[in-house]
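Visitor: I should like a close look at a single part of this model. Please take me through the sheet and what lies across it.

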Amino acid sequence: MSLRLVSIEMIVKTSSHSARYFTPFAQGFNVLNAKNSWGKSTLLQGIVYALGLEGAFSASRRVPLGPAMASTIDLEGERHQVVESYVDLTIANQKGEYLRVRRYARSLDVQRNLVQVRMAREEGMLVLAKQRDMFVRERGAATRSEGFHRLLEEFIGWSLPDVPTFGDGEIPLYLEVLLPLFFVEQKFGWSGIAPRVPAYLRIKDPLRRAVEYVLGLGTLDAIRRKNLLSSELAAINVEWDEAVSKIENVSLLANLRVLLVPNKPVSVSQLQTPVVQAKIDDEWVTLPSAQERWREEIAQSTAVPVRAGGRTDESRTQLAAAEADVDRTGSVVRRLREHIEYAENDVRVIDSRIMSIQKDKERLTDIRRIQRLGGEFELPLIAEGRCPTCEQELDSREVATDLVHSIEDNIAMLDGELKALESLKVSSQQHLSGLRRELRVADESLMMSRRVVRSLRDELSGPSDAPSVVEIERRLELERQLSASVRAANVVDSTVEELSDLAQRFFELRAELEELRNAGENAADVARVEKFRESFQSQLSAYGFRSIRPTDVTIDDQSLLPVCDGFELTFDVAQSSSASDTIRTKWAYHLALLEATRAIAESRHIGVLALDEPRQQETDRADLRAFLLRLAENAQSGQILYFTSEAPEILRELLEGIPVTFLPSSGDHLLSISREHSGLAVDDESDESFFIPTVEDVASQAVIGSVPELVGDAINDAGTIVGRALAESLTDEEEATEVVEVLPDAASFIWSLVEQFEGGTDLGECSIEADVILVVKIHETESAERDDVLDSNYDNDDEDSEVYVERRFRLVFEFSVTVTGESVEDLAIDNASVL
């Protein structure tokens, strides 16, 4: 058990009144028996609200505590505006640490999303603990240092994992997703079979993730690892695309082309050495050969300078060739542009066809859905000239056979066509990319040819003794081409090394991912799911599940939901299961989860199961009795909260022989100014001493609630409190100043006499112990070094320096209590004394 509810206090203040409810929670089986509209659900929601977990049941930001806590409250027949209200909840963990959290539902000064937290090693020390303000229901509440849910997660002893979302990312497995496994509220908690977990948090398969975590399954770790590997593979695809684009861009700038570079990631064994080529005289040759020819031509032109007049005939010949080259290259450019236009049109046609087939498939899928739901969809006959499935005109075409494909066959055929078209689209896009690369090379070649034509014309019309401009430009162009090719080759070589590293990572990640996919089930996981399944099935049998054989209902290994013949009961319940069997299934599911985790050394179940009105749909009493007995077994090592409006006499029969603790439930409503409630724990251990809330129980609660009123907060001049002298318990340097808190010990309550008389019931004498916590003022210089100092105005030079600390006293209160008639309103408490 990693969490225990210790106590709750709910306070409402108006301009003239205040209302309060307080109860401790016992270890074991806690029962709250009250009429409808008394406030049972408000109490359960108060626990949830104090922890900032109301998002588990709704995405709404409204206070889930009803108008009595949020807006108006009816007190003594009058309606009052709520000025301030809050919930104080105290919880403890398995380390023995205590945490008290206060959250306001209405306040002029404090916003609802702020919580005030105190932590201590002992419950009694919480009043001395330093308050820490934190936030809930805000971004970061589960992850940031001042977020309360991060503190609560650590307090419980959890380390919640990140889980996949519907996007590509991960987010924490929020506490709101786990809470519905432990708390079943009345409004929506009993609808359906599976626990109702919030879907607005964008977590993929939230219920499955929650159950996996509570059971401690390794499935979640495997899924997270698979997602991580998939993310890394996706990142490799991006890096690979960037590397390939770098090679393509640098090769285009240098008028080169690179072959044998795969467009998608491959393993190292499939990665070939790329081949870089340059185009010389309309032929593609390897780059080293092209560079050697360029160097030779550069050396020749540098060794023997050429004059324009000495090469007139050659220039005329070159001009004619250059002009022909411009015409030829221009023709190539025009042809490539036409081919690109055709290729782009092909891609558009394929896209259009894909969209058309997708619409056809959607329509056929809708028809299939309607037929599966029992509806009819009229289809025209072939004789009418239309296809009976897609309704297209047949244009008098003959049908090869007399058989018409079924809807399933048509959908399968469309799926095959879609797959072929997608593959064709990829091929067409690759062809289009190749044409665009060729066009860029051709454009560059055309521009170069035009420059050569201009240079030759200028040379033929210029002075004959001038240096040949064509030869100079030719040499410069060769030097530029050689320099660009060297830079491009260096970039290609370095990028190929990057691709080699990516290929190695790709191979390793693919191998690990394949290993995870082929890995068998973990033995510990199988055992835990089997324990969950066995508990679930045995409970169905014990609770009288009858719609189908209980042995036919099991827990699915993958979804972790109840299934029958491979179908989730959540889908079949309206047709095959009765409403009461739905409730039996929910009983079994929630309790089986608790039982399955009890045998786990490091259980992730909080050990608390809260059920608000679990008897729904008029479930058979014998089945409910079996459920209560099963709850009692689990309450021995956990904490059960059972809220019910069952008639007291019926509840007496149902709980016979079961040790329970009744929570206070007097009055017309949870919040009342008639008296301060302080819960009486009655833990019956045998059939003979079984206790059902009666007038005596109400009187007991009133006695306990009167203790704080009796004490008050004032200490008189004589140093006494409620007639009890405290001076002998304090030193000469100590002086009691005020009462901080009064904590009645419900377990110490004792009746010493119970007598009944005609016309009334004299309950006689009773006593209870209570801890009274005082603020004590100390007059001593060395007191400034004490560890328990609350406040001080200590000054080394001041003889009247004062230091304040808190002191605790255990007092015994005795009462005489009388109830006249059968009305709680006639209860009187008198003759109070303090020992």
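Guide: The following account treats the sheet, its edges, one strand pair and the helix across it. This is a predicted model, in which local features need pLDDT of at least 70 and side-chain atom pairs count only at pLDDT 80 or more, whereas totals for chains, interfaces and linings use all residues. Residues are numbered from 1 along each chain as its sequence is written, and side-chain values use heavy atoms, with hydrogens and water left out.

The sheet is open and has six strands in the order 2-1-6-7-8-9, with antiparallel pairing; strands are DSSP runs of E of at least two residues, helices runs of H or I of at least four, both numbered from the N terminus, and two strands pair if DSSP finds at least two bridges between them. At the edges stand strand 2 (18-24) and strand 9 (132-135); each has a single partner strand, so one side of each is left without a neighbour in the sheet. From one strand to the next, the twist averages 20 degrees, where axes are lines fitted to C-alpha atoms, for helices over the stretch in contact (heavy atoms within 4.5 Å), and angles run from 0 to 180 degrees between N-to-C directions.

Within this sheet, ten bridges join strand 1 (residues 3-13) to strand 6 (residues 84-93) in the antiparallel sense. Met10 has Val87 of strand 6 as its bridge partner.

Helix 1 (residues 40-50) lies across strand 1, strand 2, strand 6, strand 7 (98-106) and strand 8 (114-120). Helix 1 runs at about 105 degrees to strand 1.
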